[in-house]
Amino acid sequence: MNLRTHYMGIALANPFIVSSSKLTSTIQGLRRCEEAGAGAVVLKSLFEEQILAEIDARLMDDSMYFWFPEAKNHVAEISKEQGVKEYLRLASEAVSSLTIPVIASINCLTANEWPSFAKQIQESGVAGIELNISVFPFDPAVSSEQVEDLYVEILKQVKSQVSIPVAVKIGYNFSNLSRMAIRLSDAGADALVLFNRFFRPDIDIEKIALINTNTLSAPEEMTESLRWIGILSSQLKADLAASTGIHNAEMAIKQILAGASAVQVCSVLYKHGIDYLQVMTRGTEDWMARHRFAGIDAFQGLLSQDKLHAAAYERVQFMKKTTDDL
Ligand SMILES: Cc1cc2nc3c(=O)[nH]c(=O)nc-3n(C[C@H](O)[C@H](O)[C@H](O)COP(=O)(O)O)c2cc1C
């Protein structure tokens, strides 16, 4: 069975990509992904926020900078270089030791800091770059339009620096997601990853403290990306990768039927181990054989919104007919 697909202009042996996480943060982890049959890997993101926080902490400790403020910038530059260097080392080692495509990931919050870094990443030999952009609208003084403009600006800046394909991984917190996706596609995104799953705060009522739970997704979360892949797959030049809540072969098949070129998986591999990738690829092959699909392109997008000529993906309210059984 032929599982080959094209995603963001890169040829993949199969559509299963291990998404950016701790699973893809070391050479050993990346090798395990390849051995288990991943079509590609996305390296753990280099977090702009994390690096800047580290720099700040280091600088705040040292009162000397009060007297030599110009030294502060110098040290900040050196600290940043350090994080970047480590990341570049991981990227080039991954490229030389794996045969599957390696996609680097940058977590971006601003358009100022990272575009130049993207150029260095390209030099490490990676097949593409995924921009993990997470600008959250917490500031009421910033308009929706300004937030959206920033996403497009970051993408444009990076695209102007590199020639390898660039994907943008986003969440679904936009007033008009269709417009945002089209803007990113028109600005040159080679792919969109729908969707990132962000940290979800919770409260421990005994300890009376904020806690970090719900780190892994649940299968029910898959429907959000299914809806948007169904709606957007026929409207965009950019390819689409489904992400969040894809926990088995059936879910991956659904996303491809809706129009995805690839699926990204993470939580399911934390739950069942990396080798579960084999179960997912075999399950996809079995289904393709039963339905006599010789390749991914034979069923990709078969149930996209434009093929269905129906508003099913756009239905948001439960109607009487859909709740009669409850
Ligand atoms: C432990 C952990 C670390 C993650 N780190 C990153 C990261 O560095 N960059 C990123 O873009 N996404 C990161 N993610 C999000 C995943 O790549 C993925 O988008 C999310 O978990 C939803 O997919 P899933 O339902 O298959 O887990 C992380 C997820 C987990 C669970």
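**Exercise 1.** How far from an oxygen atom of the ligand does a polar side-chain atom of Lys-169 lie? Then work out how the ligand sits in this predicted model.

*Solution.*
- Start with Lys-169: one of its polar side-chain atoms is 2.9 Å from a ligand oxygen.
- Next, try Ser-217, where a polar side-chain atom comes to 2.5 Å from an oxygen of the ligand.
- Now switch to nitrogen: a ligand N atom is 2.6 Å from an N or O atom in the Ser-45 side chain.
- All three distances fall within the 3.5 Å cut-off for a polar contact.
- Zoom out a bit: the ligand has 600 Å² of accessible area on its own, and the protein covers 89% of that.
- Round things off with the neighbours: 20 residues surround the ligand, with Ser-20 and Gly-245 among the closest.
- As for the site, the ligand takes up the space of the largest pocket.

**Exercise 2.** Classify the ring pair Tyr-151 and Phe-174, then do likewise for Phe-293 and Phe-299.

*Solution.*
- A search of the whole structure turns up eight aromatic pairs.
- For Tyr-151 and Phe-174, the ring centres are 5.1 Å apart and the planes make 75 degrees, so this pair is edge-to-face.
- Place them on the chain: Tyr-151 belongs to helix H6, while Phe-174 is in the loop between strand S8 and helix H7, 23 residues apart.
- Check exposure: Tyr-151 and Phe-174 are both buried.
- On to Phe-293 and Phe-299: with 5.3 Å between centres and 35 degrees between planes, they form a tilted pair.
- These two phenylalanines, Phe-293 and Phe-299, are both buried as well.

**Exercise 3.** Which residues do ring pairs link into a cluster?

*Solution.*
- Follow the ring pairs, and you get a cluster of Phe-136, Phe-138 and Phe-198.

Notes:
Residues numbered from 1 in each chain as written. Predicted model: local features only at pLDDT ≥ 70, side-chain atom pairs only at ≥ 80, totals over all residues. Heavy atoms only, no water. Phe/Tyr/Trp six-rings, centres within 6.5 Å; stacked < 30°, edge-to-face > 60°. Helix = DSSP H or I, 4+ residues; strand = E, 2+ residues; numbered from the N terminus. Buried < 20%, exposed > 50% of the residue type's maximum accessible area, 1.4 Å probe, protein only. Near = heavy atom within 4 Å. Polar contact = N/O pair within 3.5 Å; in protein donor to acceptor, adjacent residues only side chain to side chain. Areas by Shrake-Rupley, 256 points an atom, 1.4 Å probe, with all protein chains shown as cover. 1 Å grid on protein atoms, 1.4 Å probe; cavity = no way out; pocket = protein on both sides within 12 Å on 5 of 7 lines; lining within 4 Å. Sits in = over half its atoms within 2 Å of the grid points.
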